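Thank you all for coming. I would like to walk through one model this morning, and I will put it on the screen before I say anything about it.

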Amino acid sequence: MIRHRVYLVLALVAVLAAALVPVASDLAAQGKGTIKIATQSPLSGGQAALGEGIKLGAQLAIEKSKGALEKQGFKVDLVPFDDQAKPDVGVANAKNIIADKDILAVIGHLNSGVAIPSSEVYKEVSLVMISPANTNPVVTDRGYPNVNRVCGRDDVQGVVGSEFAHGTMKSKSVYIIHDKTPYGQGVAEFFKADAEKKGLKVLGFEGTEEKSNFDPIITPMKAKNPDAIYFGGIYDQAAPFFKQAREKGVKGKFLGPDGMDSSDLTKIAGKAVVGMYYTSAAGPASALPKAKAFSEEFKKKFGKNPEPYAAEAYDAATIAVKAIEAAAKSGKVPSREDVATAVRKAKLAGITGDIEFDAKGDRKKALYFVLQVASDDPAKWGDNKIVKQLTIAAPAAAAKK
Amino acid sequence: MDVALLIGIFPQVLLDGITLGFMYALIALGYTMVYGVLEFINFAHSEIFIVGAFVGVEVMLGLKSAGLLDGLPWPVVLVLVLLAGMAGSGFLAVTVERVAYRPLRNAPRLIPLISAIGISFFLQDMIRLFESLWRNAFNLVYPTLDALNLRFELTETLDVSVKSLVVIGAALGMLWLLHMIVNRTKVGTAIRAVAEDQAAASLMGIDVNRMISLTFLIGGAMGGAAGVLFGVQYGLINPYSGFIPGLKAFTAAVLGGIGNIPGAMVGGLVLGLLEAFAASYLSLLTGGAFGAEYKDILAFSMLILILIFRPKGLLGEVVRERA
């Protein structure tokens with residue numbers, strides 16, 4: 001009996017709490033209304049380091065630039081979502097996001113494989129998405145008016161990689177591994193196509209979802225003895241692969257795309273990755289003069305260095321706030337369509353350089369880098385040397401598709 | 001097709017396959033022993049296995065921060081870590097049995113199965129919660145012991161690392177120990193008696209509940225040892241790392257004949273070798289048309305074939321029919 005009574009009390013409390021919540025939020029939303037900006041990135045799991053950086057970068061930007069909107073009487077909030085780097089979770093979150101009428105912009109995602117299906121959902125209601133990190137060409141090549149990105153594209157990044165392997169590393173042969181996601185396989189295929197064009201010998205092209213035991217992939221790779229090994233994927237998978245490859249005596253040089261760009265790479269792989277090269281569509285703060293102040297502020301506020309793409313998320317969120325501001329001129333909460341149109345027209349002298357979008361939502365001039373890992377100490381990830389820096393215009397809309 | 005290359009890598013693939021196979025065998029023992037006694041599949045065993053790996057890495061990181069990791073001779077460190085992993089997993093398995101399975105002992109067969117799946121999810125996220133609060137990390141890296149990373153380059157394509165020798169040696173030792181316990185001791189006899197017929201065993205004065213707990217303890221400890229060896233061999237673990245090896249080990253147990261201890265060992269080795277050969281040779285043999293990613297398809301097709309012709313597994317005859 002006593003047990004039943006306890007349940008009854010608990011149930012009552014739950015009902016009361018549920019009833020009280022909307023009241024509380026109604027009270028808070030005095031004035032002209034609430035404007036919310038969502039982030040979607042992996043906040044848990046193996047890629048949380050980068051995902052957390054995206055969230056915090058956006059948070060900092062919103063706090064800094066929301067003043068004008070608040071003066072007009074709006075309340076501006078950030079709502080972070082955890083997409084767990086999984087397409088199904090991203091889509092489920094996206095459905096919740098479009099159901100919340102207050103959300104006027106999404107900053108995200110980290111993974112192209114998550115961004116592509118999720119943006120289909122945003123498109124239903126013309127909700128604007130500004131991606132800080134999705135480099136797969138498909139993201140913008142669909143020509144959706146609500147999808148934009150402030151980073152570069154993999155059809156350029158893959159070529160930057162193969163050019164570097166051919167021109168600077170002087171590799172004659174290459175072995176390519178990818179993670180079977182749209183991002184990893186995509187960039188690996190662009191790398192492969194251009195490498196073949198340049199006369200590099202592609203000794204192998206393997207996809208794997210394996211996270212721990214890479215022996216069966218390493219053994220045939222080692223026997224073929226490639227000059228360079230390219231991993232199209234993300235650090236949480238690439239790091240153990242590189243570590244095991246070195247431990248098994250593989251001598252080829254390592255190369256990868258921007259998925260390698262996290263201090264966790266050295267945390268996991270240690271000495272094995274010192275000296276390896278990676279291309280990036282997001283430069284380290286040291287390469288961007290304006291980003292230095294951002295780095296310092298980020299560190300002061302959150303007690304850690306900004307991970308790659310935090311600065312891009314900062315710029316993306318600033319664009320979102322400014323666009324909402326422009327669309328809210330009439331003094332009312334703007335419609336999602338108006339915000340999307342305003343974002344496409346936005347011009348920003350951001351901390352990652354000048355940002356303008358072309359007709360597809362690609363950044364008109366994106367930055368690409370080749371970097372070299374400097375130390376096996378994860379705290380010194382920021383010391384990685386820039387070996388090459390390029391500014392390349394996005395390929396024209398007709399180039400693909 | 002490069003025949004010299006195909007032959008050249010053969011010994012290395014064989015070694016990789018044996019290492020993996022012994023690991024599967026150790027995990028498979030946990031499934032098979034519990035099935036032998038209770039006739040139910042303990043799906044939480046994959047988490048019990050990975051908890052062993054986590055206990056191991058915590059002990060190693062603890063030793064490292066105490067500065068003892070390089071001070072102590074490596075076999076001492078290894079034995080210490082193995083024992084800790086085995087104790088952690090063993091006691092966890094006993095607790096899980098006490099909390100989640102014993103109250104359901106007389107329930108219909110599906111109920112404890114669901115309970116096991118629930119425990120599996122619960123443990124995964126408990127580890128994740130604990131590690132994120134304690135170390136703020138998702139992936140944990142096993143500290144490297146330099147002595148274990150020594151390699152002997154026997155030929156151009158064959159390297160034998162001390163690590164894989166240690167894994168194989170430790171696994172063999174564990175299997176021998178288990179064999180002795182089950183077949184040469186009084187408790188072993190009692191466990192086998194409970195597996196044969198619980199009611200009759202209890203009439204003979206055997207404490208059935210204690211024997212079941214003991215079965216979980218031994219199976220869990222084997223899983224924990226496998227967890228530590230997995231961490232040492234592959235270097236990186238996360239809270240979800242246990243799932244796939246657990247599934248494979250379960251397959252190995254079925255392949256060898258579930259409920260049958262030597263069967264689990266044979267099944268583990270067969271599956272490990274199949275997987276290693278499939279992954280290394282598929283793309284070489286098909287000119288890249290089928291890559292390493294097809295290894296599981298090949299391994300599981302073999303499983304289906306074996307089960308069509310030998311429904312009770314490779315060593316299935318030993319499984320007693322239940323009255």
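Which domains does the domain assignment of chain A give? It gives domain 1 (32-152 + 287-363) and domain 2 (155-280 + 368-399), with bounds that come from an automatic or database domain assignment. Before going further, I should say that this is a predicted model, in which local features need pLDDT of at least 70 and side-chain atom pairs count only at pLDDT 80 or more, while totals for chains, interfaces and linings use all residues. Residues are numbered from 1 along each chain as its sequence is written, and chains are lettered from A and ligands numbered from 1 in the order in which they are written.

The centres of the two domains of chain A, taken over C-alpha atoms, are 28 Å apart. Across the boundary, 22 residues of domain 1 of chain A are in contact with 22 residues of domain 2 of chain A, where contact means that the C-beta atoms, placed from the backbone, lie within 7 Å. On the domain 1 side, helix 2 (48-65) and helix 5 (112-124) of chain A each supply at least two residues, helices being DSSP runs of H or I with at least four residues, and strands runs of E with at least two, numbered from the N terminus. Helix 5 of chain A gives the largest share of that side, three residues.

Let me turn to the interior. The largest nonpolar core has 209 residues, and among those with the most contacts inside it are Ile107(A), Ala317(A) and Leu26(B); such a core is a set of buried Ala, Val, Leu, Ile, Met, Phe, Trp, Tyr and Cys residues joined through C-beta atoms within 7 Å, and buried means that 20 or more other C-beta atoms lie within 10 Å of a residue's own. Helix 2 (residues 10-38) of chain B contributes the largest share of this core, 16 residues. Because domain 1 and domain 2 of chain A both give residues to the core, it lies between them. Helix 13 (residues 310-327) of chain A is mostly covered, with 16 of its 18 residues buried.

Finally, the two chains. Their contact takes 31 residues from chain B and 27 residues from chain A. On the chain B side, the elements that give two or more residues include helix 1 (3-8), strand 2 (151-153) and helix 11 (261-285) of chain B, and helix 11 of chain B provides the largest share, five residues.

Definitions and conventions. Buried ≥ 20, exposed ≤ 12 C-beta atoms within 10 Å, placed from the backbone. Contact = placed C-beta atoms within 7 Å.
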